[in-house]
Amino acid sequence: MSSLPYNSTNSNNNYKEEFTNSNNVEVQDKVFLVKGRTLTRTCPHQGCTLNYKTEQNMFVCPCHNSKFNLDGNCISGPACPSNIRV
Ligand code: FES
């Protein structure tokens, strides 16, 4: 397997993450595709755009740090108990 295609330049307020297909998750503008399942990137808390964190293998909200697993379930943060399945 190749290394994870995760490139991140993270400088606090101005960060950009670039992704290509990984083994498990495809990151698109509005959604994540996880093994054929579509998950929204819109955080159910206040609508920020979720990011995929390869090192944690979960989706994390940059606004208030809600975290979602690859099934789309909220596992911590103020967005719980909402999920991101569509
Ligand atoms: S908008 Fe995502 S946790 Fe608040």
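I began with Asn57, which I found to be partly exposed: 13 other C-beta atoms lie within 10 Å. Since 12 or fewer would make a residue exposed, I entered Asn57 as partly exposed. I placed Asn57 in the loop between β6 and β7. I then read its backbone angle: Asn57 is not a glycine, yet its phi is positive, about 55°. I keep in mind throughout that this is a predicted model.

I looked up Asn65 next. Asn65 sits in the loop between β7 and β8, and its phi is also positive, near 70°, in a residue other than glycine. Is Asn65 buried or exposed? I entered Asn65 as exposed because it has 12 C-beta neighbours inside 10 Å.

I turned to the strands. I found zero helices and nine strands in the protein, so I had only β elements to list from the N terminus on. I noted an open sheet of four strands in the order β6-β7-β8-β9, with antiparallel pairing. Strands β6 (51-53) and β9 (74-76) are at the edges, and each has a single partner strand, so one side of each has no neighbour in the sheet. Inside the sheet, I checked β7 (residues 58-60) against β8 (residues 67-68) and found antiparallel pairing over two bridges. For Val60, I traced the bridge partner to Lys67 in β8.

I went on to the core. Which residues have the most contacts inside the largest nonpolar core? I listed Phe32, Leu50, Phe59, Phe68 and Ile84, in a core of 13 residues. I followed Phe59 further, leaving aside its neighbours within four places in sequence: Phe59 is in contact with Phe32, Leu50, Asn51, Tyr52, Lys67, Phe68 and Ile84. For the protein as a whole, I noted that 16% of the 86 residues count as buried. Of the contacts between residues at least 6 apart in sequence, 24% join residues at least 24 apart.

I checked the peptide bonds and recorded a cis bond between Cys80 and Pro81, with omega about 5°. Pro81 belongs to the segment after β9.

I left confidence for the end. The mean pLDDT of the protein is 81, and 73% of its residues reach 70 or more. Over residues 1-21 the pLDDT is below 50, and I counted 17 contacts for this stretch in the model beyond near neighbours in sequence.

Terms used
Residues are numbered from 1 along each chain as its sequence is written. This is a predicted model: local features need pLDDT of at least 70, side-chain atom pairs count only at pLDDT 80 or more; totals for chains, interfaces and linings use all residues. A residue is buried if 20 or more other C-beta atoms lie within 10 Å of its own, exposed if 12 or fewer, and partly exposed in between; C-beta atoms are placed from the backbone. Two residues are in contact if their C-beta atoms, placed from the backbone, lie within 7 Å. Two strands pair if DSSP finds at least two bridges between them. pLDDT is the predictor's confidence in each residue, from 0 to 100. A nonpolar core is a set of buried Ala, Val, Leu, Ile, Met, Phe, Trp, Tyr and Cys residues joined through C-beta atoms within 7 Å.
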